[in-house]
Amino acid sequence: MLDIGKNDLEQIFSVASKLDYVLKDRTRLKTLDDKIMASLFFQPSTRTRLSFESAMIRLGGSIVGFADAKVSRAGDAYGESLEDTSRMINNYADVVAMRHSESGAPRKFSEHANIPVINAGDGSNEHPTQAMLDLYTIVRERGDINDMNVMLIGDMNQRAVHSLAYGLAKYKNVTLYSVYPDEAPLPDQVQQNLKRLNMNWHRVARPEEAIGKSDVVYVIFSKKSVTDPPTREQLTITLQKLKGAKPNLLLMHPLPRMDELPTEVDTAPYGRYFMQPYYGVLIRMALLLALFGREDSI
Ligand code: CP
């Protein structure tokens with residue numbers, strides 16, 4: 001998300017909006033029927049892998065790949081290097097969507113691949129297509145990303161948080177409030193990047209401190225065992241805590257969720273976490289079209 005310009009991002013949003021009918025009509029285009037995507041998921045995924053694969057198939061393309069590193073030579077006794085794996089991938093595919101536990105792995109892979117490599121989540125670094133779909137959800141559900149307050153709740157070392165913060169920094173007058181345990185702060189490098197991007201962000205001790213002024217509340221799982229305040233219970237979003245929320249609040253979560261977003265909250269009118277995966281397919285379709293320069297063919 002640090003690499004992509006705002007104009008390119010908004011072009012992807014614009015193309016995504018033209019693709020609604022493909023999902024609504026459950027149809028399939030032929031725009032990429034000469035293309036193959038390698039779906040290389042060295043780490044588990046439900047939404048990102050399935051939506052990339054679904055996006056490619058909806059555009060008429062084909063898929064090769066694996067969903068578990070253990071069935072590749074990188075994950076068995078050979079432990080084949082990323083460099084060697086990438087050196088042959090252009091024989092099999094025209095684009096790669098890749099998730100890996102190592103930060104920077106997709107960039108390293110791209111150096112030898114000779115075809116576009118999309119980062120589908122790398123270690124604790126970034127999850128850029130998640131941020132694109134998160135920003136697009138805000139555009140579709142609110143109309144605009146400028147002039148708003150966003151509260152991030154949970155583990156600030158999660159890659160989806162970093163990419164979302166970088167994405168939000170491209171817009172005007174966005175203030176970030178974050179609530180996190182001492183043991184899961186925003187990494188120094190991310191803080192430095194946000195400072196360079198002039199992002200206005202503040203830590204608050206409890207969700208209740210910023211809920212009333214938030215336009216978006218973005219909840220994320222905290223893996224750390226939280227012993228000091230804010231405790232897990234204090235980080236959990238409940239109906240009670242949402243009582244002071246703006247009527248048009250967007251409550252978002254990249255999913256999967258655990259106890260930080262209990263199902264009782266699904267009855268409130270704020271949740272968009274089951275719309276985000278829908279927008280995610282549109283965004284990934286638009287991104288694939290952009291990489292092949294075929295946005296005008298739809
Ligand atoms: N949001 C997200 O990245 O989900 P998956 O881990 O299921 O892909």
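Where in the fold does Ser-39 lie? The legends below come back to this residue and visit several other spots in a model that is predicted.

**View A. Ser-39 sits within a strand and is hidden from the surface.** Ser-39 belongs to strand 1, which runs over residues 36–41. Its relative accessible area is 1%, and because buried means under 20%, Ser-39 is classed as buried. If you also pick out Pro-116, you can follow the chain between two separate parts of the sequence: Ser-39 and Pro-116 are 77 residues apart along the chain, and their C-alpha atoms are 12 Å apart in space.

**View B. Nine side chains and backbones to look for: the surroundings of the ligand.** Start with the stretch Ser-45, Thr-46, Arg-47 and Thr-48, which are among the residues around the ligand. Arg-99, His-127, Gln-130, Pro-254 and Leu-255 are also in this shell. Sorted by class, the shell holds 5 polar, 2 charged and 2 nonpolar residues. The ligand takes up the space of the second largest pocket.

**View C. Polar atoms of the protein meet the ligand at His-127, Gln-130 and Leu-255.** From the side chain of His-127, an N or O atom is 2.9 Å from an oxygen atom of the ligand. Gln-130 also uses its side chain, with an N or O atom 3.0 Å from a ligand nitrogen. At Leu-255 the atom concerned is a backbone N or O, 3.1 Å from a nitrogen atom of the ligand. On its own the ligand has 250 Å² of accessible area, and the protein covers 89% of that.

**View D. A cis peptide bond follows Leu-255.** What is the geometry of the peptide bond from Leu-255 to Pro-256? This bond is cis, with omega near 5°. Most peptide bonds are trans. Pro-256 is part of the loop that links strand 9 (250–252) to helix 10 (276–291), and Leu-255 is one of the residues around the ligand.

**View E. Thr-263 is an exposed residue in the loop that also holds Pro-256.** Thr-263 is placed between strand 9 and helix 10. With 55% relative accessibility, Thr-263 counts as exposed. For a partner from another part of the sequence, try Leu-239: the two residues are 24 positions apart in sequence, and 9.9 Å separates their C-alpha atoms.

**View F. Asn-173 and Asn-198 each have a positive phi.** Most residues other than glycine have a negative phi. Asn-173, which is not a glycine, has a phi of about 55°, and its place is the loop between helix 7 (159–168) and strand 6 (174–179). Asn-198 has a phi of about 60° and is found in the loop joining helix 8 (188–196) to strand 7 (200–203). Are these residues buried or exposed? Asn-173 is exposed, at 56% relative accessibility, and Asn-198 is exposed too, at 70%.

**View G. Asn-119 uses its side chain for contacts with Gly-121 and Asp-122.** Asn-119 lies in strand 4, residues 117–122. At 15% relative accessibility, Asn-119 counts as buried. Its side chain reaches the backbone nitrogen of Gly-121 at 2.7 Å. The side chain of Asn-119 also makes a polar contact, at 2.9 Å, with the side chain of Asp-122.

Methods
Residues are numbered from 1 along each chain as its sequence is written. This is a predicted model: local features need pLDDT of at least 70, side-chain atom pairs count only at pLDDT 80 or more; totals for chains, interfaces and linings use all residues. Side-chain values use heavy atoms; hydrogens and water are left out. A residue is near a molecule or strand if one of its heavy atoms lies within 4 Å of it. A polar contact is a pair of N or O atoms within 3.5 Å; within protein, one must be able to donate a hydrogen and the other to accept it, and residues adjacent in sequence count only if both atoms are side-chain atoms. Accessible areas come from the Shrake-Rupley method with a 1.4 Å probe; for residues, only the protein chains shown count as cover. On a 1 Å grid over the protein atoms alone, a cavity is a set of points where a 1.4 Å probe fits but cannot get out, and a pocket is an open set with protein on both sides within 12 Å along at least five of seven lines; lining residues have an atom within 4 Å of a point. A molecule sits in a cavity or pocket if more than half of its atoms lie within 2 Å of its grid points. Ala, Val, Leu, Ile, Met, Phe, Trp, Tyr, Cys and Pro count as nonpolar, Asp, Glu, Lys and Arg as charged, and the others, Gly among them, as polar. Helices (H or I, at least four residues) and strands (E, at least two) are DSSP runs, numbered from the N terminus. Buried means under 20% relative accessible area, exposed over 50%, partly exposed in between (1.4 Å probe, protein chains only).
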